[in-house]
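Work through the exercises below with the predicted model open. Try each task before reading its solution.

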Amino acid sequence: MITFAFSFVFPWLVALVMIQSIAVNVKKPPHGWRLTLLLGLISGILALLPVGGLPLARRLIGMNANFSFPLLAIAFNKAWEHATGSRVLDAKASTASWMFGCAAGLALYPMALGLGDFDPYTLGWGFSWLFPVLTMATIVLLLMKNRFALVLIACILGYDLNLLESTNLWDYLVDPFFVFFSLAALTNRLIRRLGKAHSDRKGMDGMGRERASTG
Amino acid sequence: MSKRAVLVAILLTLVLHAVPWWRWYSCGDREPPRFALRQPHSPSDRGLPQMTEEFITRDTGSRMVHVGSICEMTDSRLVACWYGGTREGAKDTAIYLALRDPGTLSSWSEPRVVVDRDSASRELRRYVKKVGNPLMFVDTRNRLWLIYVSIAVGGWSGSSLNVKVSDDGGKRWTPSTRLTLSPLFNVSELVRNNPVQMSDGSLAVPMYHEFLGKFPEILWIKFDGGDFRFRKTRMAGGRSFIQPSVVVRGPRGAAVFFRSCSHERAVGMATTADAGTTWSDPQHLELPNPDAALNALALSGGRILLAFNDSSRGRENLQLALSSDGGITWQDVARIEEGNGEEFSYPYMIRGSDRRIHLVYTWHRLRIKHVVFNEAWINVELRGALR
C-alpha cells in the first residue's frame with residue numbers, strides 16, 4: 001500500500017513544477033505558501049485525474065515505475081525554488097548529484113544491458129559491496145557538508161521502507177532520466193568552461209599583442 | 001550543517017545501512033542452494049512403446065495461439081497454458097489455461113482466460129497494451145505458477161515479467177505482481193523454458209534479456225508469506241544466446257541449451273558445476289538452430305532429450321534428438337513434424353509422474369499440439385534411426 005501511495009509523489013511533483021513554470025512564464029512568480037498550496041492541490045487533482053480508468057499518475061508509472069530518489073530530489077528542489085526563491089540543493093550539492101548520476105549510470109547501464117558477463121544490477125539485491133560503498137560515499141559527503149548526502153540518506157531510507165516497486169537498491173539511486181540529465185548538465189558545464197577558457201585565452205593573446213605593439 | 005548535525009546524519013546513515021545487512025544476515029540464505037533432484041529414474045523403461053498425439057486447442061481457423069507450456073499437478077492432472085488472440089501482439093491477446101484429468105479417455109477442458117490486458121491492467125494498476133509469452137509450472141507445494149509478460153510500449157523488447165500463483169489448481173489466483181528485473185525502464189525480460197526446483201524451496205527460472213544485448217539469465221524466485229522474493233543472475237553476456245533450457249544432472253551440475261540469435265545458426269550449450277551460480281562460456285553445438293526456441297529434458301541414465309527445429313533457415317520441422325554424453329554429441333530420434341512453408345515451434349516438455357513425456361508445441365500458430373510418448377518409444381525410434 002505504501003509503495004502504491006508513494007508512486008503518486010513523483011508525478012505530483014512533476015505536475016507541480018510544470019504548473020509553477022507556466023506561472024513563471026506568464027510573469028506571475030508562484031512565491032508564497034498559499035499559492036504553492038493551491039498549485040499543489042491542483043497538481044494533486046491532475047495526478048489523480050482518471051484517464052481511461054487509470055489515474056494520470058499511474059499512466060506515467062506504467063512507462064517507468066521506479067523514478068530514483070535523486071530525480072525526486074531534483075523535482076522537489078525545483079518546486080521549492082519556485083515556491084520560496086531559495087534552493088534545497090545548492091550548487092555544491094547539484095554538482096555532486098550530476099557527478100553521481102554520471103558515475104552510477106556509466107557503471108550500471110552498459111554492463112546491465114549486456115556488455116560483458118558481469119551484471120552490476122545484481123549487486124542491488126540482498127546485500128553486496130554496493131551497500132558499504134554507498135555508506136562510505138554518504139559519510140564522505142556528510143563530512144564535506146555536501147547536501148547531496150541527504151539525498152543518499154533518503155535513497156537508503158526509501159529502500160528500507162520499500163517505497164518503490166523495485167526491490168533493487170540501484171533503482172533507488174539512479175534511473176535513465178536522472179543519468180540523462182546528469183550527463184547533459186555535466187556536458188553543458190564542460191562546454192561552458194571550455195568556451196570561457198577559450199575566450200580568456202583570446203583576451204590574453206589580444207592584450208599580449210597590444211602590449212607588443214605599444215612596446 | 002553543524003558538526004552535531006553531521007554526526008547525527010552519519011549515525012543515521014549507519015543505522016539505515018544496517019537494515020539491509022540485517023535482513024540479509026537473518027534470512028539465512030547466504031549459502032547458494034543446490035538443485036533439488038526429483039525422484040530417481042530407473043535405468044531403463046521396460047514398458048511398451050507408446051506415442052499419442054492430440055490437440056489441446058480447437059481449430060478456429062483464424063485465431064493465433066503460441067508459446068505453450070505444460071505441467072502436472074500432484075493429483076496427476078495436466079495443466080497447459082498458452083497465449084492467443086487475433087494475431088501476435090494484438091490487443092485482444094490473452095493467456096489461456098486448459099486442464100486434462102488423468103486417464104486416457106478424458107480430453108482437454110475448454111480453454112479459459114487466466115489473464116488478459118484488462119485484468120492485467122486492473123491488477124497491476126497501470127496501462128497494459130498487451131500480454132503474452134506465458135510460462136506455467138507447479139512447485140513442490142503443488143502451487144500453480146504463472147509468469148507472463150505485459151507490454152506498455154513497443155513490441156516484445158518492451159516486455160516486463162509478472163507473476164501469479166494459485167493454490168487451488170488454477171481456479172483462483174493471486175493478483176499479478178510486477179517483477180522489476182532491469183534498470184532500464186524494467187523492459188525486455190522474458191521467460192520461456194522449464195524452471196528448476198532448488199533445495200531451499202526457491203525456483204530457478206531460466207529467462208533472457210533482448211533489448212540492446214541478447215543474453216540468458218536465471219530468475220531466482222521464492223513465494224513466502226504472500227511475498228515474492230527474487231533476484232536474477234546472468235549466464236552469459238553478449239548478443240548471441242537466449243531462451244535457456246536447463247537440464248539438471250546432479251545436485252550442483254547442469255547443462256543448458258540456448259536458442260542462437262547470432263549469425264552462427266547452431267544450438268548453444270554451457271554447463272554449471274555450482275548449481276547455477278556460474279556457467280561456462282557458451283559453445284555452439286553441431287545441431288542447427290534457425291533462431292527458434294528449443295527445449296531439453298533429462299531422461300533416465302543421464303541421457304538428454306532435445307526438441308528443436310532441425311534447420312538453420314526455418315521452423316518447418318520439429319525434431320527430437322538424444323544425447324548420452326551430457327549434450328556434446330546427438331543422435332536423431334524422430335521427426336515429430338515436417339511440412340514445407342509450415343510452422344512447428346516453441347516445444348516444451350515435461351516428464352509426468354507416470355514417467356511418460358509430454359511435449360506441447362505451436363502447430364501452424366493455429367493450435368497447441370500435445371504429444372505423449374515414453375522412453376521405450378524413444379529407444380525403439382533410436383534403434384530405427386540407427387539402422
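**Exercise 1. The contact between the chains**

Find how many residues of chain B and of chain A are in contact, and which element of chain B gives the most.

Solution.
- Start with the totals: chain B contributes 37 residues to the contact and chain A contributes 44.
- Next, look for elements on the chain B side. α1 (3–27) and β14 (227–234) of chain B each supply at least two residues there.
- Rank them. α1(B) gives the most, with 12 residues.
- Finish with the classes. The side of chain B that touches chain A has 21 nonpolar, nine polar and seven charged residues.

**Exercise 2. The two domains of chain A**

Give the domain bounds of chain A, then describe the side of domain 1 that touches domain 2.

Solution.
- Set the bounds: domain 1 covers 1–65 and domain 2 covers 67–215 of chain A.
- Place the domains. Their centres, taken over C-alpha atoms, are separated by 24 Å.
- Count the contact residues: 16 from domain 1 of chain A and 15 from domain 2 of chain A.
- Assign the domain 1 side to elements. α1 (2–6) and α2 (9–25) of chain A each supply at least two of its residues. The largest share, eight residues, comes from α2(A).
- Sort by class. This side of domain 1 of chain A has 11 nonpolar and five polar residues, and no charged residues.

**Exercise 3. The build of chain B**

Determine how many helices and strands chain B has, and compare its radius of gyration with the globule rule.

Solution.
- Count the elements: chain B has three helices and 25 strands.
- Compare the radii. The radius of gyration of chain B is 22 Å, and the globule rule gives 21 Å for 387 residues. These values are close, so chain B is as compact as a globular protein of that length.
- Add the extents. The C-alpha trace of chain B spans about 85 × 45 × 45 Å along its principal axes.
- Check burial: 49% of the 387 residues of chain B count as buried.
- Check sequence separation. Take contacts in chain B between residues at least 6 apart in sequence; 47% of them join residues at least 24 apart.

**Exercise 4. An open sheet in chain B**

Write the strand order of the open four-stranded sheet in chain B, and explain why one side of each edge strand has no neighbour.

Solution.
- Read the order: β1-β25-β24-β23 of chain B, with antiparallel pairing.
- Identify the edges. β1 (51–55) and β23 (344–351) of chain B each have a single partner strand, so one side of each is left without a neighbour in the sheet.
- Note the twist, which averages 20 degrees from one strand to the next.
- Inspect one pairing. β1(B) and β25 (residues 367–373) of chain B pair in the antiparallel sense over five bridges. Within β25(B), B:V372 is the bridge partner of B:T52.

**Exercise 5. B:R77**

Locate B:R77, decide whether it is buried, partly exposed or exposed, and list residues that it touches.

Solution.
- Locate the residue: B:R77 sits in the loop between β2 (64–72) and β3 (78–85) of chain B.
- Count its surroundings. B:R77 has 17 other C-beta atoms within 10 Å. Buried requires 20 or more and exposed 12 or fewer, so B:R77 is partly exposed.
- List the contacts. Leaving out residues up to four places away in sequence, B:R77 touches B:L99, B:R100, B:D101, B:P102 and B:G169.
- Compare sequence with space. B:R77 and B:G352 are 275 residues apart in sequence, yet 9.8 Å apart in space, C-alpha to C-alpha.

Notes: Residues are numbered from 1 along each chain as its sequence is written. Chains are lettered from A and ligands numbered from 1 in the order in which they are written. This is a predicted model: local features need pLDDT of at least 70, side-chain atom pairs count only at pLDDT 80 or more; totals for chains, interfaces and linings use all residues. Domain bounds come from an automatic or database domain assignment. Two residues are in contact if their C-beta atoms, placed from the backbone, lie within 7 Å. Ala, Val, Leu, Ile, Met, Phe, Trp, Tyr, Cys and Pro count as nonpolar, Asp, Glu, Lys and Arg as charged, and the others, Gly among them, as polar. The radius of gyration is taken over C-alpha atoms; the globule rule is 2.2 Å times the number of residues to the power 0.38. Two strands pair if DSSP finds at least two bridges between them. Axes are lines fitted to C-alpha atoms, for helices over the stretch in contact, and angles run from 0 to 180 degrees between N-to-C directions.
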